[in-house]
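Good morning, and thank you for making time for this item. I would ask you to keep the model on the screen while I go through a few of its residues.

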Amino acid sequence: MPRKQSAGVLLYRRGPNGLEVLIVHPSGPYNRQAPWSIPKGVPDDGETDLEQTARRETQEEVGIAPGELVYLGFIEYKKSLKDVHCFAGPAPAGAEPRPASWEIDQARFVPVEEARRLLHPDQAPFLDRLLAHLAAQPGRLPGSFFHGGA
C-alpha cells in the first residue's frame, strides 16, 4: 500500500532573540492539546510537485507566499503511514502570519527551542536540518543568525 504524502514549508527569520520559525496549530476542540506543525498538507488532485504543494498549503494556511526554498527531506509518520516532506526558506520581509484557513487556529513565529517543545515530535528533525543548512551557508558568521548578531 503506497504511503500518503504531505508537504510543507518551514519559514524562518531573525527575531529579537535569534532564529525564529513559523509554526501552526490545528483548529477544532478535539485539537486543543494537539501538537503544532509546520504549515503543510496533501497534494491536490493532479498536483505532482511536492514543492508546489508546500507553497500552496503555506499560502492557504497562513497567507504568506514563500520565496526561494530548499528541500530538507522528509520524515515518516509511523502511526498514519504518511511521509511529510519539508521545504525551508526565509520569511518574506514584513511577513506576519495569520490563520487563513479553517484548518488552523494559530500561526506564529517562535524561537527554535520553543518550536522544538511545541512541534509534533516527528517533525523536530526538520529544525535540526534547518540549523545544519543555515550553518553551512557560505559567508555566514558562525552563530550570527541564531543569536541576533550581525
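Leaving aside residues up to four places away in sequence, Glu 47 touches Val 42, Gln 52, Thr 53 and Arg 56. Please bear in mind that this is a predicted model. Glu 47 sits in the loop between β3 and α1. Is Glu 47 buried or exposed? Its relative accessible area is 12%, and because the cut-off for buried is under 20%, Glu 47 counts as buried. Its side chain makes a polar contact of 2.7 Å with the side chain of Thr 53.

One of the residues that Glu 47 touches, Arg 56, belongs to helix α1. Arg 56 has a relative accessibility of 16%, so it too is classed as buried. Which backbone atom does the side chain of Arg 56 reach? The partner is the backbone oxygen of Val 42, at 3.1 Å. With residues up to four places away in sequence again set aside, Arg 56 touches Val 42, Pro 43, Asp 44 and Glu 47. Val 42 therefore appears in the contacts of Glu 47 as well as in those of Arg 56, under the contact limit of 4.5 Å.

Let me turn to the helix itself. The 13 residues of α1, at 1.5 Å a residue, should span 18 Å, and the end C-alpha atoms are indeed 18 Å apart, so the two values agree. At the N-terminal end, Asp 49 acts as a cap, with a side-chain oxygen 3.0 Å from the backbone nitrogen of Glu 51. Just after the helix, Gly 63 adopts a positive phi of about 70 degrees.

The buried residues of α1 are Thr 53, Ala 54, Arg 56, Glu 57, Thr 58, Glu 61 and Val 62. On the spacing, an α-helix has 3.6 residues a turn, so residues three or four places apart point the same way. Among the elements that cover the buried residues of α1 are β1, β2, β3, β5 and β6.

Finally, the largest pocket. Its volume is about 480 Å³. It is lined by 24 residues, of which Pro 26, Ser 37, Lys 40, Lys 82 and Glu 103 are the closest to its centre. Two or more lining residues come from each of β2, β3 and α1. Which element gives the most to this lining? That is β2, with three residues. Sorted by class, the lining comprises 11 nonpolar, eight polar and five charged residues.

Methods
Residues are numbered from 1 along each chain as its sequence is written. This is a predicted model: local features need pLDDT of at least 70, side-chain atom pairs count only at pLDDT 80 or more; totals for chains, interfaces and linings use all residues. Side-chain values use heavy atoms; hydrogens and water are left out. On a 1 Å grid over the protein atoms alone, a cavity is a set of points where a 1.4 Å probe fits but cannot get out, and a pocket is an open set with protein on both sides within 12 Å along at least five of seven lines; lining residues have an atom within 4 Å of a point. Grid points are joined across faces, edges and corners, and a volume is the space filled by probe spheres set on the points. Helices (H or I, at least four residues) and strands (E, at least two) are DSSP runs, numbered from the N terminus. Ala, Val, Leu, Ile, Met, Phe, Trp, Tyr, Cys and Pro count as nonpolar, Asp, Glu, Lys and Arg as charged, and the others, Gly among them, as polar. Buried means under 20% relative accessible area, exposed over 50%, partly exposed in between (1.4 Å probe, protein chains only). A polar contact is a pair of N or O atoms within 3.5 Å; within protein, one must be able to donate a hydrogen and the other to accept it, and residues adjacent in sequence count only if both atoms are side-chain atoms. The expected span of a helix is 1.5 Å times one less than its number of residues.
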